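This report describes one protein chain and the ligand beside it. The sequence and the structure come first, followed by the fold, the ligand shell, the core and one loop residue.

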Amino acid sequence: MNDTSTSESPQATPAGPRSPTEQRFLALRVMPMPADANVHGDVFGGWIMAQVDIAGAQLAARRAGGRVATIAVNSFVFKQPVFVGDLLSFYADIVRVGRTSVTILVEVLAKRMDGAQTVKVTEATLTYVATGADRKPRPLPPEDAMLFDGD
Ligand SMILES: CC(C)(COP(=O)(O)OP(=O)(O)OC[C@H]1O[C@@H](n2cnc3c(N)ncnc32)[C@H](O)[C@@H]1OP(=O)(O)O)[C@@H](O)C(=O)NCCC(=O)NCCS
């Protein structure tokens, strides 16, 4: 556990492995509409990026016990196209915890409109900084204070 009482930046810790019983955090489920796509029905990458940012922020805010700001998009891969009518599920996982920042892996699965296939379409990692009302970084609270009720 990091000691957040000092001004020195402690070593960032990778999140430990998840137990088999632990569920991935379903941060967001949404269906893109025609306005989110080009004339061929392919959903814009920027729309997907916005949803990924929203999804990652859900888990980051729970770990931070409040407000966070996105400081970096570390990686972003569009593995498969997304189509209008896909049911998209955004799963989030904490992969790194620092003094004021938390890095989140977001995986996006698409259930195609015919319901026959679910494919991983996107994978990204983003870093969020816990911020105070003054919008400045603040230390993360201890992990056991995390607001996580399984929902
Ligand atoms: C987020 C913000 C408050 C951070 O303030 P800052 O003075 O730049 O932050 P610091 O240099 O103190 O770094 C804060 C943390 O971010 C991390 N960080 C900084 N730059 C980073 C980068 N390029 N990639 C990943 N992490 C980074 C630092 O390592 C530090 O983490 P740690 O405390 O866990 O070690 C400020 O950068 C900001 O307001 N940015 C704009 C945020 C925004 O508008 N986002 C889009 C909408 S939410």
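## Overall fold

Along the sequence, the elements of the protein chain are arranged as β-β-α-β-β-β-β. That amounts to one helix and six strands. The model is a predicted one.

The protein chain has 151 residues, and 26% of them are buried. Among contacts with a separation of 6 or more, 73% link residues that are 24 or more positions apart.

## Around the ligand

Which residues come nearest to the ligand? They are Ala72, Gly98, Arg99, Thr100 and Ser101, out of 15 residues around the ligand. Sorted by class, the shell holds seven polar, five nonpolar and three charged residues.

Two strands, S3 (68-78) and S6 (118-130), each contribute at least two residues to this shell. The most comes from S3, which gives four residues.

## The nonpolar core

The largest nonpolar core of the model contains 29 residues. Within this core, the residues with the most contacts are Ala60, Phe90, Ala92, Ile104, Val106 and Tyr128. At least two core residues come from each of strand S2 (25-30), helix H1 (45-64), strand S4 (87-97), strand S5 (101-111) and strand S6. Helix H1 provides the largest share of this core, seven residues.

Ala60 can serve as an example from this list. Leaving aside residues up to four places away in sequence, Ala60 touches Val68, Val102, Ile104 and Tyr128. Two of these partners, Ile104 and Tyr128, are also named among the core residues with the most contacts. Strand S6 appears in both settings: S6 supplies at least two residues of the ligand shell, and S6 also supplies at least two residues of the core.

## A loop residue: Val43

Val43 lies in the loop that runs between S2 and H1. Is this residue buried or exposed? Val43 counts as buried because 24 C-beta neighbours lie inside 10 Å, where 20 or more are required.

Which residues does Val43 touch, not counting residues up to four places away in sequence? The partners are Pro32, Asp36, Ala37, Ile48, Val82, Phe83 and Val84. One of them, Val82, is 39 residues apart from Val43 along the chain, yet the C-alpha atoms of the two are separated by 5.4 Å.

Conventions. Residues are numbered from 1 along each chain as its sequence is written. This is a predicted model: local features need pLDDT of at least 70, side-chain atom pairs count only at pLDDT 80 or more; totals for chains, interfaces and linings use all residues. A residue is buried if 20 or more other C-beta atoms lie within 10 Å of its own, exposed if 12 or fewer, and partly exposed in between; C-beta atoms are placed from the backbone. Two residues are in contact if their C-beta atoms, placed from the backbone, lie within 7 Å. A residue is near a molecule or strand if its C-beta atom, placed from the backbone, lies within 6 Å of it. Ala, Val, Leu, Ile, Met, Phe, Trp, Tyr, Cys and Pro count as nonpolar, Asp, Glu, Lys and Arg as charged, and the others, Gly among them, as polar. A nonpolar core is a set of buried Ala, Val, Leu, Ile, Met, Phe, Trp, Tyr and Cys residues joined through C-beta atoms within 7 Å.
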